[in-house]
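Colleague: Before we rely on any of the labels attached to this model, could we go through how each was assigned?

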Amino acid sequence: MSVARKKRARTTRKLIILILVVSIITGICCMVLFWKVHILNEALQNAAEQMDEIKEQLSKQQELLEEIIRMNDTSSIITEEEVYDGADEEQSAQETSEVVEAEHKVYLTFDDGPSKYTQEILDILDEYQVKATFFVVGKEDNTSKELLKKIAEEGHSLGMHSYSHKYEEIYESVDSFAADFKELQDYLYDVTGVKSIIYRFPGGSSNVVSKVDMWEFADYLEEQGVTFYDWNISSGDGSSAELPVEDLVANCTKDIKYRNTSIILLHDSGEKRNTVDALPFIIENILALEDTVILPITEETNPVQHIKK
Ligand code: ZN
């Protein structure tokens with residue numbers, strides 16, 4: 001083999017070794033890089049999960065805070081009312097707070113009636129000598145008219161719950177809300193002689209259906225001298241007609257002792273048989289609580305309102 005050929009062979013070998021070394025180094029670098037990216041990715045995923053958890057906890061705490069604020073609001077208003085009702089300015093602060101703490105006012109409210117169960121509900125209320133509040137809608141058949149008259153004549157409060165109960169129409173604008181409101185208020189006055197001044201928004205003031213700010217409607221009601229009432233206790237019959245009687249009773253009664261004012265949401269609807277079956281037990285359980293009374297909503301009743309100014 002010539003010298004020149006040997007030299008070329010050596011150079012080629014060197015070149016191959018160099019390429020091999022470079023390839024191995026590049027390979028190792030790639031693996032390290034890949035591993036790093038993988039670790040980073042995992043860290044990012046963990047961080048995202050933690051963020052979600054934090055967000056969830058925050059929203060839970062916010063809900064809790066809102067509930068506490070709501071409860072505080074209610075009790076502070078009640079205190080003022082009780083002091084006023086007491087009418088004895090000499091009464092000591094201690095005596096006043098004892099009166100406040102001792103009494104729990106409970107308001108049974110029935111939405112969506114009249115229905116095929118209204119008569120039965122009225123009979124049960126009569127049996128227990130209890131007055132309630134009916135937030136009714138515009139039903140113009142003769143049976144409904146008779147039931148509306150009975151509600152008023154038997155000393156229950158007649159409240160408004162919109163004429164049509166069609167969210168998309170009522171909440172379209174203040175004008176359409178006002179037209180629906182007037183129609184119901186006039187209709188109830190014609191049938192019963194009662195000019196209703198209490199209102200419950202379909203879906204409550206905290207409904208998420210209305211695109212118009214609910215305060216626009218609330219302000220309109222205020223201009224009409226009408227107060228709106230939401231609820232701070234839900235029987236649960238709105239979300240399920242199949243809720244067992246014992247669940248309805250438990251939902252209606254479990255929080256009363258923590259509040260001065262409990263406004264309970266129930267439904268007077270042809271689809272809510274269980275509510276009627278539960279009613280005697282609901283009333284009995286409430287009346288069995290210490291220093292607790294069941295009252296109809298009147299203009300003196302402190303409103304429970306989900307939206308705050
Ligand atoms: Zn309703």
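What follows is a conversation about the terms and the values behind them.

Modeller: This is a predicted model, in which local features need pLDDT of at least 70 and side-chain atom pairs count only at pLDDT 80 or more, while totals for chains, interfaces and linings use all residues. Residues are numbered from 1 along each chain as its sequence is written, and side-chain values use heavy atoms, with hydrogens and water left out.

Colleague: Why is Thr292 called buried or exposed, whichever applies?

Modeller: Buried means under 20% relative accessible area, exposed over 50% and partly exposed in between, with a 1.4 Å probe and protein chains only. Thr292 has a relative accessible area of 10%, so Thr292 is buried. By the same cut-offs, 39% of the 309 residues of the protein chain count as buried.

Colleague: What does Thr292 touch?

Modeller: Contact means heavy atoms within 4.5 Å, and, not counting residues up to four places away in sequence, Thr292 touches His104, Val106, Ile256 and Ile286. Thr292 is found in strand S8 (residues 292–294), where strands (E, at least two residues) and helices (H or I, at least four) are DSSP runs numbered from the N terminus.

Colleague: Why is Lys257 called buried or exposed?

Modeller: Lys257 has a relative accessible area of 53%, and because exposed means over 50%, Lys257 is exposed. Lys257 has its place in the loop between helix H8 (245–253) and strand S7 (261–267), and its C-alpha atom is separated by 8.4 Å from that of Glu290, 33 residues apart along the chain.

Colleague: Which residues are donors to the zinc ion, and how do you know that they qualify?

Modeller: Donors are N, O and S atoms within 2.8 Å of the metal (3.2 Å for Na, K and Ca), and water is not among the atoms, so sites may look incomplete. Asp112 (OD), His161 (NE2) and His165 (NE2) coordinate the zinc ion at 2.1 Å, so they meet the 2.8 Å limit. The donor residues are spaced D-x48-H-x3-H in sequence. Asp112, in the loop between strand S1 (104–111) and helix H3 (118–127), and His165, in the loop between strand S3 (157–160) and helix H5 (167–170), are 53 residues apart, and this pair links distant parts of the chain.

Colleague: Why is His165 called buried, exposed or partly exposed?

Modeller: His165 has a relative accessible area of 25%, which lies between the two cut-offs, so His165 is partly exposed.
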